[in-house]
Amino acid sequence: MQLLIDRIMLASRHVLVVFFLGLGVALAIYALGFLAKLWKFAGNALAGSDNRQLLDLLHLLDAALVASLVVTVMISSYDSLVSRLDKHEDAEGVSWVSNFDPGNLKIKLASALIAISSIHLLQIFMEVSSYDDRSVMWGLAIHGMFLTGAVALGVLDRLTKK
């Protein structure tokens with residue numbers, strides 16, 4: 001009976017494939033939105049002010065960071081939880097996956113969240129007159145919490161490696 005339960009538990013990890021494929025579909029949809037933003041950016045490139053162009057470019061950068069975060073989670077989680085990806089020397093593009101252990105992945109995710117939060121905070125600062133003081137303070141507080149969380153994860157990771 002225990003052997004059957006063990007096999008069912010191990011086989012259940014394959015259900016995660018549905019979530020990872022779903023993230024891939026969501027990423028493709030997100031890419032369509034990115035292309036629309038890129039088209040709008042290109043159309044306004046010569047007409048807009050420098051600040052508007054920079055803000056629009058930051059939106060594109062933000063989208064790229066979010067997409068990279070999704071891909072990192074999808075591939076590294078699939079590799080560690082469902083099935084190991086082929087990492088032979090002739091396999092293209094997956095050699096970096098072996099560098100991700102759960103602690104490393106947490107640090108990468110926290111770093112990406114901080115980068116995304118920084119971009120949003122910069123966007124607020126560039127248009128600070130359109131935000132009230134409360135919104136600015138909340139933006140700073142949330143960014144500070146992301147920073148604190150990342151530092152805590154780094155400290156815990158270092159402590160557990162010793």
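The structure is a predicted model, and its pLDDT averages 84 over the chain, with 88% of the residues scoring at least 70. Confidence varies among the elements of the chain, the lowest mean pLDDT being that of helix 4, at 83, and the highest that of helix 2, at 93.

The chain contains five helices and zero strands, so that, under the DSSP assignment used here, the order of elements from the N terminus reads α-α-α-α-α. Of the 162 residues, 22% count as buried. The accessible surface of the chain amounts to about 11,400 Å², of which carbon and sulfur atoms supply 69%. When contacts between residues at least 6 apart in sequence are considered, 68% of them join residues that are at least 24 apart.

Helix 1 spans residues 2-11 and includes Ile 5. This isoleucine is partly exposed, with a relative accessible area of 39%, and it belongs to a nonpolar surface patch of about 570 Å² that is made by Met 1, Leu 4, Ile 5, Ile 8 and Met 9. Ile 5 can be counted in such a patch because its 39% relative accessible area lies above the 30% that patch residues must exceed. The spacing of several patch members may be read against the general geometry of the helix: an α-helix has 3.6 residues a turn, so residues three or four places apart point the same way.

Helix 2 covers residues 16-44 and contains Ala 31, as well as Phe 41. Ala 31 is partly exposed, at a relative accessible area of 34%, and its C-alpha atom is separated by 9.1 Å from that of Ala 64, which lies 33 residues away along the chain. Phe 41 also counts as partly exposed, at 21% relative accessibility; because the limit for a buried residue is under 20%, the value of 21% leaves Phe 41 in the partly exposed class. With neighbours within four places in sequence left aside, Phe 41 is in contact with Gln 53, Asp 56, Leu 57 and Leu 60. For Leu 60, which is 19 residues from Phe 41 along the chain, the separation between the two C-alpha atoms is 8.8 Å.

Asp 56, one of the residues in contact with Phe 41, also takes part in a salt bridge. A search of the whole structure finds two such interactions. In one, the side chains of Asp 56 and Arg 52 meet with an N to O distance of 3.0 Å; these residues are four apart in helix 3 (residues 50-82) and are therefore separated by about one helical turn. The two partners differ in accessibility class, since Asp 56 counts as buried at 15% relative accessibility, whereas Arg 52 counts as partly exposed at 36%.

In the other salt bridge, the side chain of Arg 52 meets that of Glu 127 at 3.2 Å, N to O. Because Arg 52 lies in helix 3 and Glu 127 in the loop between helix 4 (102-126) and helix 5, this pair ties together parts that are 75 residues apart in sequence. Glu 127 counts as partly exposed, at 27% relative accessibility. Through shared partners, the salt bridges join Arg 52, Asp 56 and Glu 127 into one network.

A further set of contacts involves Gln 123, which is found in helix 4. Gln 123 is buried, with a relative accessible area of 7%, and, residues up to four places away in sequence not being counted, it touches Leu 55, Leu 58 and His 59.

Helix 5 comprises residues 133-161, 29 residues in total, and reaches 42 Å from its first C-alpha to its last, which is close to the 42 Å expected at 1.5 Å a residue. The buried residues of this helix are Val 136, Gly 139, His 143, Ala 150 and Asp 157.

Terms used. Residues numbered from 1 in each chain as written. Predicted model: local features only at pLDDT ≥ 70, side-chain atom pairs only at ≥ 80, totals over all residues. Heavy atoms only, no water. Helix = DSSP H or I, 4+ residues; strand = E, 2+ residues; numbered from the N terminus. Expected span 1.5 Å × (residues − 1). Buried < 20%, exposed > 50% of the residue type's maximum accessible area, 1.4 Å probe, protein only. Contact = heavy atoms within 4.5 Å. Areas by Shrake-Rupley, 256 points an atom, 1.4 Å probe, with all protein chains shown as cover. Salt bridge = Lys/Arg side-chain N within 4 Å of Asp/Glu carboxyl O. Patch = residues over 30% accessible without salt bridge, like charges linked within 9 Å, V, L, I, M, F, W, Y side chains within 5 Å. pLDDT = per-residue confidence, 0-100.
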